[in-house]
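Opening the notebook on this one. I want to go through the ligands first, then the backbone oddities.

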Amino acid sequence: MCSITILLAAGASLVHGAQPFRPQPLKSGIEFSSAEVRALQHDDFSSPAMLWATRGEKLWSESAGASGKSCASCHQDARASMKGVTPRYPQIDPGTARLVNIEGRINQCRTRHQQAAALGYESDDLLGLTAYVGMQSRGLPLNVVIDTQNRRHFERGRDMYYTRMGQMDLACTHCHDRNFGRKLLNDTISQGHGNPYPVYRLEWQTMGSLHRRLRACFFGVRAERPAAGSQDLLDLELFLAWRAQGLTVETPGVRK
Ligand code: HEC
Ligand code: HEC
């Protein structure tokens with residue numbers, strides 16, 4: 001608990017509406033991870049996250065829904081068609097004018113193009129497809145563009161990031177900008193980037209989405225948790241993607 005006291009003491013006044021900034025130097029969460037976690041993430045043969053990516057690869061060419069089509073029927077080889085896609089998300093879907101992340105986009109293809117049911121947010125199938133699509137962009141820099149269409153979502157996400165919340169009265173920025181590199185209970189606080197997600201988390205003993213991780217942070221400060229896939233978490237994801245510009249996609253990642 002004493003490290004939490006340090007955080008509170010270090011807390012600044014409400015930074016709501018502040019000019020957003022990127023932590024310097026920008027560092028991926030893997031740099032704050034143990035040697036064991038780094039070794040797992042960096043070796044596809046021993047990474048447990050690869051089981052999900054492989055599941056995604058298999059689903060890619062299986063027909064689904066009333067259309068009888070597979071992802072591959074329309075998108076052919078994912079290694080070519082999905083390369084560079086994940087770094088552009090979340091983005092506005094021209095059809096509905098709504099902000100979608102990769103999970104949402106995949107589910108749109110399920111319902112719109114395959115006439116199949118949407119996959120559950122935290123289901124192994126959706127995690128697998130998200131990991132497989134993301135993996136095609138490993139090493140490519142995140143590059144969401146903030147424009148007139150998505151600015152409102154970006155600003156909502158930014159404001160959430162800088163607003164104190166929960167019984168502990170802390171904002172994301174208090175941990176991930178002011179205290180990265182410090183210990184909090186058993187964790188080393190990172191800069192809070194989403195670039196390796198979905199990840200296999202040893203503590204969960206399974207794969208989990210970025211929204212699951214974000215919910216854990218809300219829980220950590222005893223704040224009400226927005227649902228996975230909710231507008232709140234999508235807006236926050238857009239802000240995080242902007243803030244992580246300069247880092248590369250590391251999907252599928254591994255975490256403690
Ligand atoms: C019948 C054709 C069809 C099928 C089947 C299909 N898609 Fe799509 N997909 C599209 C079209 C068309 C788009 C462009 C956006 C739109 O119109 O919905 C798209 C867009 C995407 C994108 C975003 C690409 C980008 O450049 O932003 C992803 C990711 C994606 N699909 C994944 C999948 C996955 C995974 C599956 C299988 C679960 C799948 N799609 C099945 C037609 C299809
Ligand atoms: C009390 C401190 C604290 C607060 C406040 C907090 N987090 Fe975290 N967060 C952590 C810890 C601890 C972890 C796990 C270790 C790590 O990766 O930083 C974590 C992990 C993360 C990760 C995963 C990073 C990775 O590389 O796996 C993201 C993304 C994240 N937080 C975003 C947020 C956002 C957005 C908020 C505000 C809604 C927030 N956090 C609020 C402590 C906090």
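Which ligand 1 atom lies 2.7 Å from a polar side-chain atom of arginine 88? I find that this partner is an oxygen atom of ligand 1.

**Ground rules**

This is a predicted model, so I note that local features need pLDDT of at least 70 and side-chain atom pairs count only at pLDDT 80 or more, while totals for chains, interfaces and linings use all residues. Residues are numbered from 1 along each chain as its sequence is written, chains are lettered from A and ligands numbered from 1 in the order in which they are written, and side-chain values use heavy atoms, with hydrogens and water left out.

**Entry: ligand 1, surroundings**

I looked up the polar contacts here (pairs of N or O atoms within 3.5 Å; within protein, one must be able to donate a hydrogen and the other to accept it, and residues adjacent in sequence count only if both atoms are side-chain atoms). Besides arginine 88, I noted tyrosine 89, with a side-chain N or O atom 2.5 Å from an oxygen atom of ligand 1. Histidine 113 also reaches a ligand 1 oxygen with a side-chain N or O atom, at 3.0 Å.

Then I checked the elements (DSSP runs numbered from the N terminus: helices are H or I with at least four residues, strands are E with at least two). Two of them, α4 (71-75) and α6 (102-113), give two or more residues to the shell around ligand 1. Helix α6 has the largest share, five residues.

I count a residue as near a molecule if one of its heavy atoms lies within 4 Å of it. On that basis 18 residues surround ligand 1, and the closest are Cys71, Cys74, His75, Tyr89 and Cys109. I sorted the shell by class (Ala, Val, Leu, Ile, Met, Phe, Trp, Tyr, Cys and Pro are nonpolar; Asp, Glu, Lys and Arg are charged; the others, Gly among them, are polar). It has nine nonpolar, five polar and four charged residues.

**Entry: ligand 1, iron**

Next I pulled up the metal donors (N, O and S atoms within 2.8 Å of the metal, or 3.2 Å for Na, K and Ca; water is not among the atoms, so sites may look incomplete). His75 (NE2) and Cys109 (SG) coordinate the iron atom of ligand 1 at 2.0 to 2.3 Å. Histidine 75 is in helix α4 and cysteine 109 in helix α6, so I have a pair linking distant parts of the chain, 34 residues apart.

**Entry: ligand 2**

I went to the second iron with the same list in hand. His176 (NE2) and Cys217 (SG) are the protein donors of the iron atom of ligand 2, lying 2.0 to 2.3 Å from it. Histidine 176 belongs to helix α9 (residues 172-176) and cysteine 217 to helix α10 (residues 210-220), so the pair ties together parts 41 residues apart in sequence.

Around ligand 2 I find 23 residues, with Cys172, Cys175, His176, Ser190 and Cys217 the closest. They split into 14 nonpolar, six polar and three charged. Helix α10 gives the most to this shell, five residues.

For the contacts, I wrote down a backbone N or O atom of serine 190 lying 2.7 Å from an oxygen atom of ligand 2. Tyrosine 197 has a side-chain N or O atom 2.7 Å from an oxygen atom of ligand 2.

**Entry: backbone**

Which residue follows tyrosine 197 across a cis peptide bond? I see proline 198 there, with omega near 0°, in the loop between β4 and β5 (199-201). I logged another cis bond between threonine 251 and proline 252, with omega about -5°. Proline 252 is in the loop between α11 (231-243) and β7 (253-255).

Last, I checked leucine 185, a residue other than glycine with a positive phi, near 50°. Leucine 185 is in the loop between β3 (183-184) and β4. I flagged these because most residues other than glycine have a negative phi, and most peptide bonds are trans.
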